[in-house]
Every structure is written in structure tokens, then in C-alpha cells.
Amino acid sequence: MREKRKREHVENYLRTTYKGATLLENVFLEHNALPDLNFEDIDTKTFFLGKIVDYPIIINAMTGGSDFSWEINRDLSLIAKEFNIPMAVGSQTIALCDDEECKSSFKIVRQTMGDNGTVIANLNAQAAIEDVKKALDMIEADAIQLHLNPAQEVVMLEGDRHFRGILDNIGNIVEKVGKPVIVKEVGFGISKEVATKLYNVGVRNIDISGYGGTNFIEIENIRYNNIDFSDLYSWGIPTALALIKCRELPKELNLIASGGIRDSMDIVKSLVIGGNMVGISGEILSYLLHGGYENARNYLEVTIHKMKILMLLLGKKNIEELRATDYKIMGDLKDLINNS
Ligand SMILES: Cc1cc2nc3c(=O)[nH]c(=O)nc-3n(C[C@H](O)[C@H](O)[C@H](O)COP(=O)(O)O)c2cc1C
């Protein structure tokens, strides 16, 4: 059942057409006609989960648990290794059993990336601490992502309807697991209020996974016909809004900007308005499934090249300087920030 669902999520993702707005288009960055640096001076390395990575980009959680996802995870992890960037696997709930074949579709990521790679485990935030440890051990992960996905669950026919006690569970995991915990959404965003609650139970890494990219209400809607949920497609906190608001929390909270990150402009703007890292899921998956490994690899290479061009045009030689860039907000984003 879970295996079928994972496959349907990937297939239906490719069939989605609705385009929400991240509101990153409402972030304005000023051109610098006099950058005092050369292109080759630009350094994109950054520190994440105790390791140096070459670019502030994560291939974010998507899949695992079948032959089909073994291939996807193998290809994505080859790319992550080549570019020395972190990669998260999809939810490992499906592999918390004795099925070695199922586990292999997750293990391939660590096998490909080797000891130096940054590999991130993934479970839902209701997971028991023993399962979190199993998921971490399975792929010798550097950290665990715990996903919050109430909007997806409630539109999923067989989805969960119980959401009480999740915050306490997260606090318990943070206290006992002994590895960094990243709490993430799956495309509906994390508000400042939710981020504050998470911060207060000890969470220091939040992936805001905002609205404007992959839309799980649409993905689930394509799976069934009994209720039409298309009127809910506009639900969620746009990525830019979630980031700016969550950035008001203390600096020791690391923010991962994800949800609708497709190109170099999205990456640069997300880092400027508050992200320590950005996460890409749907876009790289599309390149992979439409054109294969080389296509996905080239997408990332070109995106990184353009990211460096934008850093030059802002006059910023490294990620720290980039993150300190001034910006202006316009339009709907400005209205939403002013009303909050
Ligand atoms: C096919 C697919 C499967 C996903 N599966 C998971 C998952 O198992 N666990 C999780 O935390 N997020 C999952 N996600 C959500 C992504 O990690 C990310 O939060 C979300 O897609 C928003 O980013 P995007 O707009 O770049 O796709 C999945 C996304 C896609 C496209």
C-alpha cells in the first residue's frame, strides 16, 4: 500500500499543473554595477550539520521504498556526491520492517555518497524515538528530518486524523536522539508561531517548506475522485512570507528555505531573506524523470553557475555576505508582512 502510494506521489507530482506563488517574486534585490570582485573569487561553500558543503543547496526529501525509488535515489545521490551537497531521503516509515530490499532503496544514498556525504533521514513527526534511531542507523544519517504534513494527511483518504501531542513528541526526540533534528513541512509552510513553539522545545533546524511549489493537496486529489479538493489548492503560507517571519526568531535557529525553489533567482533571494540553506525537491525530480540523470545534473550545474552570476551582480563574494544583503519587499508580500 505504502509502496504504491509512494509511486503515485511521484507520478502524480508530474501530472500537477496548479502553480501557486512563493512570493519570492515580491523580493527586490538591487543591482551592483561596481562589484569589487572577480568571478573566480566567489566562494559558495557553507557549513551545514557539522560539515562543509560546496553549495547551500539540499536535494530534499522525496522517495524510497521500491525499485523505482532505488533508481531515483541512486541518481539523485550521485548528483549530491558530485556537487558535495546534502541529500535527504523520503519517509522511511515504509522501511521500518525487516524487508532488506525496501531498505536498500534508502541505503543506496549513503552507499553512493560515502562517509563524507551529508545524508538526512526522514520520518513523520509522530514517530517513536526507537523508529527515529532505526531510520538514522539505516543510512548512517547526519540528521533526521521530521515532517509535519497535516494538510496532506487530511485530504488523503487513508491519511492520519490524529494530530494531538506532536509537539511533545518532537521535544522528546530532540532531547533523546543525539543527532540534529530538522522539522519540516511538505509545501504548506511553517508560521512564526509554529516555529516559536518548535524553538521552545529545543528545535534548532526548521525547513519552512512553504507554499508555491509542490502541492500535496493537488497530488492527493489526482489519486481519488470521490471528493474534489481543487478549491483548497491555494492553501498555504508562501515560502517568502514563512521565511521572513521565521527569521525573526534567534539566529541559532537554522532555516532551510524550500517550497517552490526552482532557479538561481529563487535560491539567491531565499538566502538573502533568511535561509541558511535552500531545499529543492520537485524541480530536480522533474528534470530527472523527464530527461534522465544527465538532464538533472545539468540543471543543477547551470543553476549554480547562475547563482554565482547573481552573487557577482550583488557584489557578494561568499554566502555569509550574501545572507547579509539588503532587500526590499513589494506587492502582496509587503501587505502580508505589514499585516502580521
Ligand atoms: C514526489 C514527492 C515526494 C515527497 N515525499 C516526501 C517525504 O517522504 N517526506 C517529506 O518530508 N517530504 C516529502 N516531499 C516534500 C518535499 O521534501 C518538499 O518539502 C516539498 O516538495 C516542497 O518543495 P518543492 O516545491 O521543491 O518540491 C515530497 C515531495 C515530492 C515532490
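Helix H1 gives the most to the shell around the ligand, supplying four residues. This is a predicted model. H1 spans 2-15, and helix H11, at 282-314, likewise supplies at least two residues of that shell. The shell holds 22 residues in total, and those that come nearest to the ligand are Ala61, Lys184, Ser209, Thr214 and Gly260. By character, twelve residues of the shell are polar, seven are nonpolar and three are charged.

Now look at individual contacts. Two involve the protein backbone. At Met62, a backbone N or O atom sits 2.9 Å from a nitrogen atom of the ligand. At Ser91, a polar backbone atom is 2.8 Å from a ligand oxygen atom. A side chain takes part as well: His147 places a polar side-chain atom 3.4 Å from an oxygen atom of the ligand. How much of the ligand's accessible area does the protein cover? On its own, the ligand has 600 Å² of accessible area, and the protein covers 97% of that.

Leave the ligand and turn to the second largest pocket. Its volume is about 510 Å³. The lining comprises 24 residues, and Leu148, Pro150, Ile166, Glu185 and Val194 are the closest to the centre of this pocket. Three helices each give two or more residues to the lining: H5 (150-155), H6 (166-176) and H7 (192-200). What is the make-up of the lining in nonpolar, polar and charged residues? Of the lining residues, 14 are nonpolar, eight are polar and two are charged.

Two loop residues deserve a look for their backbone angles. Start with Leu23. This leucine lies in the loop between H1 and strand E1 (27-28). Its phi is near 65 degrees, a positive value in a residue other than glycine. Is Leu23 buried or exposed? Its relative accessibility is 7%, so Leu23 counts as buried, the cut-off being under 20%.

The other residue is Asn84. It is found in the loop between helix H2 (67-83) and strand E5 (87-88). Here too phi is positive in a residue other than glycine, with a value near 50 degrees. Asn84 has a relative accessible area of 23%, and therefore counts as partly exposed. The limits for that class are 20% and 50%. So the loop after H1 carries a buried residue at Leu23, while the loop after H2 carries a partly exposed one at Asn84.

Terms used:
Residues are numbered from 1 along each chain as its sequence is written. This is a predicted model: local features need pLDDT of at least 70, side-chain atom pairs count only at pLDDT 80 or more; totals for chains, interfaces and linings use all residues. Side-chain values use heavy atoms; hydrogens and water are left out. A residue is near a molecule or strand if one of its heavy atoms lies within 4 Å of it. A polar contact is a pair of N or O atoms within 3.5 Å; within protein, one must be able to donate a hydrogen and the other to accept it, and residues adjacent in sequence count only if both atoms are side-chain atoms. Accessible areas come from the Shrake-Rupley method with a 1.4 Å probe; for residues, only the protein chains shown count as cover. Ala, Val, Leu, Ile, Met, Phe, Trp, Tyr, Cys and Pro count as nonpolar, Asp, Glu, Lys and Arg as charged, and the others, Gly among them, as polar. Buried means under 20% relative accessible area, exposed over 50%, partly exposed in between (1.4 Å probe, protein chains only). On a 1 Å grid over the protein atoms alone, a cavity is a set of points where a 1.4 Å probe fits but cannot get out, and a pocket is an open set with protein on both sides within 12 Å along at least five of seven lines; lining residues have an atom within 4 Å of a point. Grid points are joined across faces, edges and corners, and a volume is the space filled by probe spheres set on the points.
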